[in-house]
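Work through the exercises below with the sequence and the model side by side. Try each task before reading its solution.

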Amino acid sequence: MRFLTDKSEVEFQDLHMHTTFCDGKDTPEQMVLSAIEKGLKVVGISCHSYTHFTSECCVTPENELVFVQTVNELKKKYADKIKVLVGIEKDYFTTASKGEYDYVIGSVHYYKRGDKYNFIDRSKPEFLRSVRELFNGDYYSAVEEYYKTMEDVVEKTNCDIIGHIDLVTKFNQDYNLFDETHPRYVNAYKKAIDKLVKYNKPFEINTGVISRGYKLEPYPSKQILEYIKSKGGWFVLSSDSHSKENIAYQYDKWKGLL
């Protein structure tokens, strides 16, 4: 891995953020300048990988190499101020990628049924509809399917970082949809973690779900975080920022979780 792995320094890096090349608000250079202003040592400019079934939120094939070139130019331009890396958030269902990246974040954003794909995290109404139509309204079947897919994310994406492992809880603040202490939920995430920790890849502590107003605490939940720790897993902080203002969002508040 070519990013900081010293556990005493991970609070000075942010490797998960999105720009105008996918679904972010600001340009890569604006993100780099904000990271410098916030005192980071390392900034990773990432993009959502292209998926053949939808181009929404993703870098397009024709822009992927432009994205990589743009960030590589920023590496040189700001080399005396910050270490800039180029990364990709590679979804489990991505079939191809053209760019050469310094690191890969592995994530799962979709349910797949036959030849159809449904977003897990785009909106609450869509999530509710997916559970109703794909799983007969059974939230525990939905989360079991999610974690079953998630447990293979390292093997499928060859990632360096495991992204927001409990993304399926994005709309579940205060357990308003399902109980995260239910045995079926607990067994599902434990099975995924038991497999994932063997790869010795860091799990994200991802504050993006807070900055965008969905939850009050980051991914993963405290119970999942403690289980990962009990299995010898480790973590990196990330903001999953889609705007320059939210880079390193609430790092001071949550860095103690590391």
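**Exercise 1: a strand and its neighbours**

I88 stands opposite V104 in strand β4. The model is a predicted one, in which local features need pLDDT of at least 70 and side-chain atom pairs count only at pLDDT 80 or more, while totals for chains, interfaces and linings use all residues. Residues are numbered from 1 along each chain as its sequence is written, and side-chain values use heavy atoms, with hydrogens and water left out.

Task: find which strands pair with β4, and state whether the residues of β4 are buried or exposed.

Solution.
- Step 1. Helices (H or I, at least four residues) and strands (E, at least two) are DSSP runs, numbered from the N terminus. Two strands pair if DSSP finds at least two bridges between them.
- Step 2. Strand β3 (residues 83-91) is joined to β4 by five bridges, and the two run parallel.
- Step 3. Strand β7 (residues 161-162) also runs parallel to β4, with two bridges between them. I105 has I161 as its bridge partner in β7.
- Step 4. Buried means under 20% relative accessible area, exposed over 50%, and partly exposed in between (1.4 Å probe, protein chains only). By that measure, five of the five residues of β4 (residues 103-107) are buried.
- Step 5. The cover is on both faces: Y103, I105 and S107 are buried on one side, V104 and G106 on the other.

**Exercise 2: the nonpolar cores**

Task: identify the residues with the most contacts inside the largest nonpolar core, and the helix that gives the most to this core.

Solution.
- Step 1. A nonpolar core is a set of buried Ala, Val, Leu, Ile, Met, Phe, Trp, Tyr and Cys residues joined through side-chain atoms within 4.5 Å.
- Step 2. The largest such core has 73 residues, and I45, F67, Y146, Y147, V168 and Y185 have the most contacts inside it.
- Step 3. Helix α6 (residues 183-196) gives the most to this core, namely seven residues.
- Step 4. A second core, separate from that one, has eight residues, including L15, Y103, I105 and W234.
- Step 5. Take Y147 as an example of contacts (heavy atoms within 4.5 Å). Leaving out residues up to four places away in sequence, Y147 touches I165, D166, V168, Y185, A188, Y189, A192 and I224.

**Exercise 3: two helices**

Task: describe how α3 and α4 pack, and which residues make the contact.

Solution.
- Step 1. Axes are lines fitted to C-alpha atoms, for helices over the stretch in contact, and angles run from 0 to 180 degrees between N-to-C directions.
- Step 2. Helix α3 (residues 124-135) packs against helix α4 (residues 139-150) at an angle of about 95°, with the axes 9 Å apart.
- Step 3. The pair is therefore roughly perpendicular, since angles under 35 degrees count as roughly parallel, over 145 as roughly antiparallel, 65 to 115 as roughly perpendicular and the rest as oblique.
- Step 4. On the α3 side the contact is made by F127, L128, V131 and F135, and on the α4 side by Y139, S141, A142 and E145.
- Step 5. K148 also lies in α4, and is exposed at a relative accessible area of 56%. K148 and F127 are 21 residues apart in sequence and 18 Å apart in space, C-alpha to C-alpha.

**Exercise 4: cysteines and backbone exceptions**

Task: state how many disulfides the structure holds, and where C57, D240 and P220 lie.

Solution.
- Step 1. A disulfide is a pair of cysteine sulfur atoms within 2.5 Å. The structure holds zero.
- Step 2. For C47, the nearest cysteine sulfur is that of C22, 5.7 Å away. C47 is buried, with a relative accessible area of 0%.
- Step 3. For C57, the nearest cysteine sulfur is that of C58, at 6.3 Å. C57 is partly exposed at 27% relative accessibility.
- Step 4. Most residues other than glycine have a negative phi, and most peptide bonds are trans.
- Step 5. C57, in the loop between β2 (42-48) and α2 (61-77), has a positive phi of about 75°.
- Step 6. D240 has a positive phi of about 45°. This residue lies in the loop between β9 (235-238) and α9 (251-254) and is buried at 5% relative accessibility.
- Step 7. Y219 and P220 are joined by a cis peptide bond, with omega about -10°. P220 is in the loop between α7 (208-211) and α8 (222-230).
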